[in-house]
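This report goes through charged pairs, a strand hairpin and cysteines in one protein model. The sequence and structure come first.

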Amino acid sequence: MLFAVFLPAILAIFIPFLSKWKEKIHTGYFVLLAPLAIFIYFVRFIGKDFDTVMEQYSWIPSLQIGIDFYLDGLSLLFVLLISGIGALVTFYSIFYLHTSEKLSHFYVYLLLFMTAMLGVVLSDNVFVLYSFWELTSISSFLLIGYWNYKERSRYGALKSMLITVFGGLSMLGGFILLSIITNTTSIQAMIEQADVILSSDYFGWILALVLLGAFTKSAQFPFHIWLPDAMEAPTPVSAYLHSATMVKAGIFLVARFSPIFVMSDWFFIFVSGIGVLTLVWGSFMAVRQTDLKGILAFSTISQLGMIMTMLGFGTKAAIFAAVFHILNHATFKGSLFMIAGIVDHETGTRDIRKLGGLFTLMPISGTLAFFGTFSMAGVPLPFLNGFYSKEKFFDSSLHLNEYTSELANLLSNAIPYLAVFGSIFTFVYSMYLVFGTFLGKKQFDQLPKKPHEAPFGMLISPIILVLGIVVIGLAPFLFNETILAHAAEAIYGEPVKAHIQFWHGLIPAFYMSLAVVGFGIVLTISRKGWQSIYRFIPGKLSLNKAYDFILAQLENSSAKITNTYMNGSLRRYMVLILLTIVICCFTALGLTNGFAWDTSNLAPITVPEILIALAMATAAIATIFTNNKIAAILILGVVGYGLSLLFVVYKAPDLALTQLVVETITVALFLLCFYHLPNLTERIESKAVKSMNVLISLGFGVLMTVVAISAHNTKLFDTISEYFIETSHDLGGGGDNVVNVILVDMRGLDTMFEIVVLGIAALAIYGLVKLRNKKGGAE
């Protein structure tokens with residue numbers, strides 16, 4: 001599984017080189033290999049006798065962080081959606097994106113996102129899961145802002161990043177609390193300690209923080225506002241991220257941790273309460289939209305709310321219905337996003353007010369849209385998979401658990417009515433979408449392009465998804481025990497079996513479906529008569545305006561605070577930095593009894609050491625009074641070389657050699673940089689400024705002296721030197737030189753990155769020198 005997860009990221013390394021041939025062969029064909037290979041690898045696990053698989057790879061054992069992959073029914077369902085839909089979207093993008101586009105950028109972002117989502121659904125370690133989780137936010141930010149020359153694309157990308165990263169950081173807080181309480185970072189081990197977590201004083205915080213991460217990622221109310229703006233992304237991105245994968249990451253998170261939280265009434269209140277509110281609000285707002293992808297965006301919000309509601313129920317029937325609808329939603333919503341992209345691609349607009357009568361010119365696209373929208377609406381036809389899971393949703397809403405909380409019982413009584421109410425508007429926007437686009441009045445003269453049917457290559461992916469709608473509808477038993485039951489069992493913790501069939505008799509759920517269709521038809525026909533309600537609900541109230549206001553206030557406040565000290569004066573920056581260091585360090589020393597004085601076990605001080613120290617002090621002071629920059633650097637070098645002499649005197653030749661090398665390199669770099677800088681000139685300062693300079697200099701010098709003395713005298717922990725002496729030979733491959741072993745073996749990566757930092761600093765300085773304004777300089 002390790003290779004399967006990281007295969008897209010590995011392929012992404014080669015995409016910039018492969019894209020050089022994009023004029024001869026579209027880059028998407030190379031990318032297509034990754035999701036196809038992953039899908040083929042994981043599809044072999046499907047079957048009635050499926051059993052969980054665990055793979056563990058050590059990473060940071062001291063922190064209990066390992067790359068541990070856990071494949072159960074839930075993660076298998078998501079992996080197949082990620083890779084299967086990913087393959088279809090990649091193939092679709094080959095015909096959607098022209099070779100004149102920056103294909104290397106697009107596919108690198110897409111492959112990184114694919115790896116991130118695979119890591120999220122397969123990780124058993126909470127901190128590895130979080131790492132992949134944030135990678136989904138970063139890669140989706142890049143995908144949404146792919147057309148970065150558009151202001152709305154940049155706005156949508158930033159909005160999605162801010163909201164989802166905010167939720168991700170909250171989720172991280174919940175994970176930290178979980179790991180502290182359970183003393184493990186494994187999700188499965190945490191599930192085994194569910195009773196410990198439930199009885200913890202921090203349970204409320206854990207539940208709130210983890211759910212906040214899930215709600216922001218899965219666009220639950222009121223965090224849903226980022227999803228409609230994310231529709232500025234290319235249609236393949238919308239079809240992949242916002243219908244089948246990224247927005248379902250929050251769904252996955254709730255499903256994965258529900259065995260821990262489900263016994264709490266607050267889990268039902270938060271998850272089902274927010275879920276059903278999202279269902280109603282998303283479907284209600286979808287009818288208001290005029291952009292095809294805008295309708296589908298709010299439709300996605302509504303459908304995600306429906307799945308979240310079912311997960312909150314916590315019953316066997318509801319959990320099975322939830323995983324069933326996850327599969328169904330991926331098929332009909334993915335196909336509809338692709339059809340919306342086809343309409344936009346072939347007509348030049350997504351404005352439904354300019355569309356109409358396209359079925360005569362785009363019969364294949366229109367037929368596919370009919371299947372997708374009618375399935376989404378839950379129309380009771382045996383070849384539409386959406387009806388099956390919608391009816392199971394209604395049925396599960398009528399058979400909820402008894403709760404100890406009055407609020408939970410009140411919500412459980414209201415949910416069936418809210419479910420029907422929201423589903424009625426789902427029916428309305430579905431009919432509005434399909435009939436407003438493909439039937440009705442022809443307005444071809446208002447279209448930017450003359451409409452025609454899409455190329456067959458662009459139709460293949462939505463055709464496959466629509467075939468999935470029909471196959472699942474006609475033969476749901478093929479998916480029941482082979483994958484859906486395993487996914488439901490992974491959530492519920494016990495075997496879950498549900499019989500899927502079209503006709504269950506005249507049960508209440510069927511009457512609820514009929515009510516949805518009946519009232520939906522009435523509202524669809526009379527839509528123009530009642531649509532004025534949107535002037536009052538939501539009216540002028542808008543969560544988007546609230547977001548813009550909060551963001552503007554944060555930016556303005558930050559700018560005001562920053563401008564108080566960021567005035568271009570290098571002296572002020574150094575004063576603030578050094579003062580902060582002095583205050584914080586002295587405070588820390590005071591709180592930890594760091595002002596200790598102990599002269600025992602010290603080597604005697606002789607005349608040579610005193611002379612070397614005086615020479616170093618004299619050189620350090622002399623740098624203040626010299627006006628020649630080259631001389632200042634050379635005099636400062638005396639301090640470093642003097643320290644090397646002290647190492648020699650105290651019989652530490654290895655440290656002396658190391659110090660000599662470091663000092664030589666540092667002096668050389670300073671000479672290289674200062675050669676290009678202006679000559680030193682005497683600064684005329686006020687007495688107050690000079691006094692402040694003296695105080696800060698003395699304070700920082702005293703601090704360094706106190707820190708050095710405290711480092712020797714205050715022993716808060718056992719010394720680590722014995723550990724190095726005892727282990728350097730074995731860890732260093734037979735090396736007996738402790739200093740060298742520490743530098744090369746024990747902290748080899750630190751040494752390497754220190755060299756990298758020095759190189760980066762040198763390049764940065766060189767760049768600043770090249771770009772400096774020769775007519776003026778900083779204060």
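A residue is called buried when its relative accessible area is under 20%, exposed when over 50%, and partly exposed in between (1.4 Å probe, protein chains only). The model is predicted: local features need pLDDT of at least 70, side-chain atom pairs count only at pLDDT 80 or more, and totals for chains, interfaces and linings use all residues. Residues are numbered from 1 along each chain as its sequence is written, and side-chain values use heavy atoms, with hydrogens and water left out.

**Salt bridges**

A salt bridge here is a side-chain nitrogen of Lys or Arg within 4 Å of a carboxyl oxygen of Asp or Glu. The whole structure contains 7 salt bridges. Three of them are listed below with the separation of their closest N and O atoms.

| Positive residue | Negative residue | Closest N and O atoms |
|---|---|---|
| Arg-256 | Asp-72 | 2.7 Å |
| Arg-152 | Asp-229 | 2.5 Å |
| Arg-353 | Asp-351 | 3.0 Å |

Helices (H or I, at least four residues) and strands (E, at least two) are DSSP runs numbered from the N terminus. In the salt bridge of Arg-256 with Asp-72, Arg-256 belongs to helix H12 (residues 249-261) and Asp-72 to the loop between E2 and helix H3 (73-96), so the pair ties together parts 184 residues apart in sequence. Arg-256 and Asp-72 are both buried.

Arg-152 and Asp-229 form a salt bridge. This pair also links distant parts of the chain, with Arg-152 in helix H6 (residues 151-182) and Asp-229 in helix H10 (residues 226-229), 77 residues apart. Arg-152 is partly exposed at 38% relative accessibility, whereas Asp-229 is buried at 10%.

In the pair formed by Arg-353 and Asp-351, Arg-353 is exposed, with a relative accessible area of 54%, and Asp-351 is buried at 14%. Salt bridges that share partners also join Arg-152, Lys-159 and Asp-229 into one network.

**A buried lysine**

Which side chain of opposite charge is nearest to Lys-217? It is Glu-134, 5.1 Å away, and Lys-217 is buried yet has no salt bridge. For charge, Lys and Arg count as positive and Asp and Glu as negative, while His and the chain ends are not counted. Lys-217 sits in helix H9 (residues 203-217). Its side chain makes a polar contact with the side chain of Thr-136 at 2.9 Å; such a contact is a pair of N or O atoms within 3.5 Å, where within protein one must be able to donate a hydrogen and the other to accept it, and residues adjacent in sequence count only if both atoms are side-chain atoms. Leaving aside neighbours within four places in sequence, residues in contact with Lys-217 include Trp-133, Ser-137, Thr-164 and Trp-226, contact meaning heavy atoms within 4.5 Å.

**The E1 and E2 hairpin**

Strand E1 (residues 53-60) runs antiparallel to strand E2 (residues 65-71), and 7 bridges join them. Two strands pair if DSSP finds at least two bridges between them. Tyr-57 has Ile-67 in E2 as its bridge partner. The hairpin has 4 residues between the strands, and Gln-64 takes a positive phi near 60°.

**Cysteines**

How many disulfides does the structure hold? The count is 0, a disulfide being a pair of cysteine sulfur atoms within 2.5 Å. The sulfur of Cys-584 is 6.8 Å from the closest cysteine sulfur, in Cys-585, which is too far for a bond. Cys-584 is partly exposed, with a relative accessible area of 46%, and Cys-585 is partly exposed at 28%.
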